[in-house]
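Please open the structure in your viewer and keep the selection tool at hand. This tour proposes what to select at each stop and then describes what is found there.

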Amino acid sequence: MFATTEHDFRAVGRGAKCEYHFEFTNLYEEQVHVAAVRSSCGCTTPTVSKDTLKTHEKSSIVATFNTSTFIGQKSATITVVIDQPYYAEVQLKVSGFIRTDITFDPPEVAFGEIAPGTGTEQDIVITHTGNSQWQITDVRSHCDDLQVQLSPPKQTPGMVRYRMRVKVLGSMPEGDIRERLTLISNDRNFPTTEMSINGRVRPSLTVAPAAVSFGTAKPGATIEKRLVVRGDEPFTISDVVCADNRFEFDTPSGSKKLHFVKLKFNAGDTPGRIGQEIRIDTDLKGGKSVTCVVTGSVGQ
């Protein structure tokens with residue numbers, strides 16, 4: 001269910017906001033429920049973004065590294081307790097080194113929500129104390145949709161201060177932004193320091209609800225639902241695709257920003273569980289589409 005079970009925050013500044021999302025997916029037909037999450041060390045606080053998942057739904061265990069109250073090398077084991085559909089425990093491991101000589105103001109680069117195709121930027125002040133000869137020699141990122149500019153350092157006895165501008169380019173993909181920058185310095189003992197970048201590029205096309213549950217349908221019954229498809233600009237729905245021929249769709253015509261798609265499920269006489277993905281295709285640039293998941297069952 002978990003894409004990864006370990007994360008190293010590496011070296012981070014005192015007071016910096018550090019979070020890591022351990023994403024997981026319900027791979028089962030039954031509902032999954034997270035009963036509890038706990039940490040072996042106070043240096044890390046775990047939370048769950050969504051504790052009840054229907055089939056194919058996603059959630060995250062968010063590990064927050066408490067850099068304001070702890071210093072030095074720290075590590076923790078997060079135990080995730082699942083009680084549905086059966087009892088299980090998953091252990092996630094985090095570690096990192098909290099430095100006392102570097103601070104960031106603000107403590108993270110948080111862009112909030114960004115409109116698709118648009119860029120934004122934010123300034124952050126990096127302060128190093130204890131060595132006026134300290135220098136940032138490079139800033140690296142694995143994300144090509146970020147740009148960084150460093151101003152010349154301001155040096156005073158025992159202190160160096162940089163102003164760094166971080167830009168999100170209009171090419172940033174839609175969805176959550178969870179990136180980090182690596183500051184490379186001339187400090188031989190701690191040559192790298194990490195800082196987090198987060199935000200969200202709002203999708204230009206959405207469907208609601210993203211997960212539809214029919215519950216249990218009686219044999220031969222017909223169940224109807226409505227999907228709301230919304231875009232930032234007018235569009236036409238070109239097709240609605242589902243592998244299960246028991247589903248029928250009434251697709252609206254015309255080009256507009258808001259469409260209502262009627263979904264009809266004909267239960268038939270065969271009992272069993274339902275778990276299908278529905279894809280709604282449009283004429284937007286690149287043939288953009290959205291998906292939702294339909295779950296339920298046909299009773300005896």
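Begin with the aromatic rings of this predicted model: how many aromatic pairs does a search of the whole structure find? The search returns nine aromatic pairs.

Select phenylalanine 9 and phenylalanine 65. These two residues form a stacked aromatic pair, with 4.8 Å from centre to centre and 10° between the planes. Phenylalanine 9 belongs to strand 1 (residues 6-13) and phenylalanine 65 to strand 6, so that the pair links distant parts of the chain, 56 residues apart. Are phenylalanine 9 and phenylalanine 65 buried or exposed? Both are buried.

Next, select phenylalanine 247 and phenylalanine 265. The centres of their rings are 4.9 Å apart and the planes stand at 45°, so this pair is tilted. A cut-off explains the wording: planes under 30 degrees apart count as stacked and those over 60 as edge-to-face, while the rest are tilted. Because phenylalanine 247 lies in strand 22 and phenylalanine 265 in strand 23, the pair ties together parts that are 18 residues apart in sequence. Phenylalanine 247 and phenylalanine 265 are both buried. Add Phe214 to the selection: Phe214, Phe247 and Phe265 form one aromatic cluster.

The tour now turns to the sheets. Select strands 18, 20, 23 and 22, which form, in that order, an open sheet of four strands with antiparallel pairing. Which strands stand at the edges? They are strand 18 (205-208) and strand 22 (247-250); each has a single partner strand, so one side of each is left without a neighbour in the sheet. On average, neighbouring strands of this sheet are turned by 25° against each other, direction ignored. Within the sheet, display strand 20 (residues 222-235) together with strand 23 (residues 256-266): they pair in the antiparallel sense over 10 bridges. To see one bridge, select phenylalanine 235, whose partner in strand 23 is lysine 256.

Move on to strands 2, 6 and 4. In the order 2-6-4 they make up an open sheet of three strands, again with antiparallel pairing. The edge strands are strand 2 (18-25) and strand 4 (44-48), each of which pairs on one side only. From one strand to the next, the twist averages 20°. Strand 4 and strand 6 (residues 58-65) are joined in the antiparallel sense over five bridges. Threonine 44 has phenylalanine 65 of strand 6 as its bridge partner, and phenylalanine 65 is also the residue that stacks with phenylalanine 9.

The next stop is the interior. Select Val80, Ile126 and Met164: these residues have the most contacts inside the largest nonpolar core, which has 47 residues. Strand 15 (residues 159-168) supplies the largest share of this core, five residues. A second, separate core has 25 residues, including Leu205, Ile223, Leu263 and Leu284.

Return to isoleucine 126 and display its surroundings. Leaving aside neighbours within four places in sequence, its contacts include Ile102, Phe104, Trp134, Val160, Met164 and Leu183.

For the last stop, select serine 297 in strand 25 (residues 289-298). Why does serine 297 count as buried? Its relative accessibility is 14%, and buried means under 20%. Not counting residues up to four places away in sequence, serine 297 touches Gly215, Thr216, Ala217, Gly272, Arg273 and Ile274.

Technical notes. Residues numbered from 1 in each chain as written. Predicted model: local features only at pLDDT ≥ 70, side-chain atom pairs only at ≥ 80, totals over all residues. Heavy atoms only, no water. Core = buried A, V, L, I, M, F, W, Y, C linked by side-chain atoms within 4.5 Å. Buried < 20%, exposed > 50% of the residue type's maximum accessible area, 1.4 Å probe, protein only. Helix = DSSP H or I, 4+ residues; strand = E, 2+ residues; numbered from the N terminus. Contact = heavy atoms within 4.5 Å. Pairing = 2+ DSSP bridges. Axes fitted to C-alpha atoms, helices over the stretch in contact; angles between N-to-C directions. Phe/Tyr/Trp six-rings, centres within 6.5 Å; stacked < 30°, edge-to-face > 60°.
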